[in-house]
Amino acid sequence: MAPSRATSRLAATALRRAAHQPQHSLSRRLGVASRSSYYHSYDHPPPPGVFSAAEQAILSAAYRHVPEHGFTAHTLSLGARDAGYLDISTNLLPEGPFSLIRYHLVTQREALAPRSAAAFRDEAGEVSSLQVPDKVERLAWERLQGNKEVNHRWQEALAIMAQPTHVPASLRELALLADEIYHLAGDVSVDPSWYTKRGSLSMIYASSELFMTNDRSLGYRETRAFLQRRLDETSKIGSTLGSMAQWAGFTASAGINVLRSKGVRI
């Protein structure tokens with residue numbers, strides 16, 4: 001369990017440092033070049049996309065092969081060919097298969113905004129009068145449904161995300177997702193609860209995502225029930241740092257176990 005404890009310490013340290021950085025410094029620390037921002041701002045336009053045109057072309061084409069071939073180098077090569085590039089063009093993606101995983105994480109997060117209006121409607125198609133916690137639940141569930149097509153491949157993706165070189169970027173994307181959900185839900189808090197709510201949601205979402213990989217119920221209804229139970233327990237979860245450290249340790253442990261099952265000596 002040493003790797004799990006080490007990863008937990010890494011997550012806690014990163015969050016402690018990030019919480020005291022100004023926004024422009026924090027964006028650089030979060031490592032999405034200068035093309036993405038950590039916090040939502042109502043006073044500034046949204047940043048440009050995370051991926052270049054060539055990366056976007058290769059990754060979008062490769063993504064269609066994920067259900068059959070997984071998040072692999074072979075899938076990237078297939079995507080390069082489909083996009084009209086040579087196989088060697090995958091060198092444009094130095095993170096290898098993790099680039100494909102991050103493409104999934106980014107595009108699914110960005111798809112939440114246009115889908116949020118539908119998520120807030122009732123069965124009759126009318127806009128519901130929902131409170132922020134109810135909107136958070138619906139948006140988290142909407143995002144989980146974005147994993148349906150690749151859910152059978154997601155444990156392998158988690159094994160890649162749990163590798164030490166990819167843990168920081170995985171945590172960054174999880175934090176961005178939590179912030180996106182609360183932003184779309186209309187949260188306007190400016191007190192310390194801003195951090196605790198997002199930290200708690202990060203842990204809850206990640207544990208629900210892991211639960212979903214083993215859910216065989218119709219429409220993943222057991223996953224939604226799990227998500228709702230965990231959200232109801234939010235007040236008992238603890239601090240932001242504890243939540244993120246717990247996620248990091250749990251994800252690292254799960255990823256290591258998957259790698260071992262594939263014969264990797266770790």
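D87 is partly exposed in this predicted model, with a relative accessibility of 32%. Its salt-bridge partner is R81, which also counts as partly exposed, at 46% relative accessibility. The closest N and O atoms of D87 and R81 are 2.9 Å apart.

A search of the whole structure finds 10 salt bridges. Three of them are set out below.

| Salt bridge | Closest N and O atoms | Accessibility |
|---|---|---|
| D87 with R81 | 2.9 Å | D87 32%, R81 46%, each partly exposed |
| D179 with R198 | 3.0 Å | both buried |
| R198 with D187 | 3.2 Å | both buried |

R198 takes part in two of the tabulated bridges, one with D179 and one with D187. The D179 and R198 pair links distant parts of the chain: D179 sits in helix α10, residues 167-184, and R198 in helix α11, 19 residues apart. R198 and D187 are 11 residues apart, and this pair too links distant parts of the chain, with D187 in the loop between α10 and α11. These contacts belong to a network of salt bridges that links D179, D187, K197 and R198.

Beyond helix α11 (193-212) comes the loop that leads to α12 (221-232), and Y220 lies in this loop. The phi of Y220 is near 55 degrees, a positive value in a residue other than glycine. Most residues other than glycine have a negative phi. Y220 is buried, with a relative accessible area of 18%; it counts as buried because this value is under the 20% cut-off.

Turning to the nonpolar residues, the largest core has 25 of them. L59, F71, L100, I101, W154 and M161 have the most contacts inside this core. Four helices, α3 (53-63), α5 (73-82), α6 (97-110) and α9 (154-161), each supply at least two residues. The largest share, six residues, comes from α6. L100, one of the residues with the most contacts in the core, touches L59, A62, Y63, V66, G70, F71, T75 and L76, leaving aside its neighbours within four places in sequence. A second core of 24 residues is separate from this one and includes V136, L177, L201 and I204. In soluble globular proteins, nonpolar side chains tend to be buried together.

Which secondary structure does the chain contain, helices or strands? The chain has 13 helices and zero strands, so its pattern along the sequence is a run of α elements alone. Of its 266 residues, 49% count as buried. Among contacts between residues at least 6 apart in sequence, 67% join residues at least 24 apart. The accessible surface comes to about 13600 Å², and carbon and sulfur atoms account for 54% of it.

Confidence varies along the chain. The average pLDDT is 79, and 67% of the residues score at least 70. Over residues 1-37 the pLDDT is below 50. This stretch nevertheless has 54 contacts in the model beyond near neighbours in sequence.

Methods: Residues numbered from 1 in each chain as written. Predicted model: local features only at pLDDT ≥ 70, side-chain atom pairs only at ≥ 80, totals over all residues. Heavy atoms only, no water. Buried < 20%, exposed > 50% of the residue type's maximum accessible area, 1.4 Å probe, protein only. Salt bridge = Lys/Arg side-chain N within 4 Å of Asp/Glu carboxyl O. Core = buried A, V, L, I, M, F, W, Y, C linked by side-chain atoms within 4.5 Å. Contact = heavy atoms within 4.5 Å. pLDDT = per-residue confidence, 0-100. Areas by Shrake-Rupley, 256 points an atom, 1.4 Å probe, with all protein chains shown as cover.
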